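Please open the model in your viewer and keep the selection panel at hand. The tour below proceeds by selections, each followed by what is found there.

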Amino acid sequence: MTAETFANKNQRAVEVGEKAFRYRVAENWPRLPPELNLIEVTAVATDSRNRVYVFNRGTHPVAIFNPDGTFKSTWGEGVFARAHGITIGPDDAVYCVDDLDHTVKKFSADGEFLMTLGTSGHFSDTGATSVDYRNIQRAGAPFNFPTNLAISPCGDLYVADGYGNARIHRFTADGELLLSWGEPGDGPGQFHIPHGIAVDHSGIIYVADRENSRIQIFTAEGQYVTAWNDVARPCEVFIDHASNVYVAELGFRAGMWSDTHPPTPDATGGRMSVFNLQGELQSRWGGGETPCSPGDFFAPHDVWVDSDGDVYVSEVTMSAGGNRGLVSPDCHTLQKFIHQSKEVLR
């Protein structure tokens, strides 16, 4: 972890990262009104105006904030079984992945319902009936506890499916299924929880194969290209407009499945990593030594970068162990990192 704490008038700030990827932790962000309890932020995204959409497991599942952290509005009350992933398209359409409902729902920016992928409450026959991927016996159709969605440059939708399946599904923009690939396992093109997904500007697919601790890379047609292994249980991938690849890594100190163990006693905790398109590490921070401190992490679950180069990281703090006392109830579930040399991304 590269972090520096310093005095600035009466304010204490924390810096993380290195070289071109150096950030200041935004303190007291966001500013919550008294009636809003986010409980656990599973995902975060920004629209064309850098308004921040916070997908959470509280009573107001989609909470919207201005970039400075001031509250704007909420929507989605009573709509979701359980919040998981959120993606905002270039037209500001909002895609929400509901893992327990086995669906992806599309909304307008103000919450008007537009489309559903999948059938509410119906899961495909993979042998798994829970979010434990170890019960998967075979690959199946969409969906069985899906996790995240990415949009290609041509507008196709790629869904990572997810906890109860081992597949990537490609849809047209209007929801027609085009193809699927993947099966349970640890070989090339196989998955143990394809949890996160991103598409670069040339249409190449990046999949966070979480329990195999790798990023697998595919063509738009699902042909295996290569894998990156310098990651620790990656949950999500985000590619910014300068083709930097951001990876939110859960690490080995939170959210471990029963009867599983870290690969080594000193294995890393939650962290953020930035790579180039060749898979070369550019920056890294966190590690979970002080998981509730600003700039460190307990359970990174999602990452998004806005048009100014600022980074948002959400954490499943409660379900990854906070509900069992591993961290305090007030441990952060969402952090904003303000880019300190934004000119390099323009």
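Helices (H or I, at least four residues) and strands (E, at least two) are DSSP runs, numbered from the N terminus. This is a predicted model, in which local features need pLDDT of at least 70 and side-chain atom pairs count only at pLDDT 80 or more, while totals for chains, interfaces and linings use all residues. Residues are numbered from 1 along each chain as its sequence is written, and side-chain values use heavy atoms, with hydrogens and water left out.

Select residues 182–221 to begin: this span is 0% helix and 50% strand, and its end C-alpha atoms are 12 Å apart. Then select residues 138–174, where the strand content is 43%, the helix content is 0%, and the end C-alpha atoms lie 28 Å apart. Both spans carry the annotation "repeat: NHL" in an unreviewed UniProt entry; such annotations may be inferred rather than shown by experiment, and their positions are given in the numbering used here, with feature names shortened.

Next, colour by pLDDT, the predictor's confidence in each residue, from 0 to 100. The protein chain averages 94, and 95% of the residues score at least 70. Among its elements, strand β19 (residues 205–209) has the highest mean, 99, and strand β1 (residues 3–8) the lowest, 41. Over residues 1–10 the pLDDT is below 50, although this stretch has 22 contacts (heavy atoms within 4.5 Å) beyond near neighbours in sequence. Where pLDDT is low, the predicted coordinates should not be read in detail.

Now show the aromatic side chains. Rings of Phe, Tyr and Trp (its six-membered ring) pair if their centres lie within 6.5 Å; planes under 30 degrees apart count as stacked, over 60 as edge-to-face and the rest as tilted. By this rule there are 20 aromatic pairs. In one of them, tyrosine 133 and tryptophan 257 have ring centres 5.7 Å apart and planes at 70°, so the pair is edge-to-face. Tyrosine 133 lies in the loop between β11 (113–117) and β12 (146–151) and tryptophan 257 in the loop between β23 (245–249) and β24 (271–275), so the pair ties together parts that are 124 residues apart in sequence. Both residues are buried, meaning under 20% relative accessible area, with exposed over 50% and partly exposed in between (1.4 Å probe, protein chains only).

Finally, select Phe55, Trp75, Phe80, Phe107 and Phe113, which ring pairs link into a cluster.
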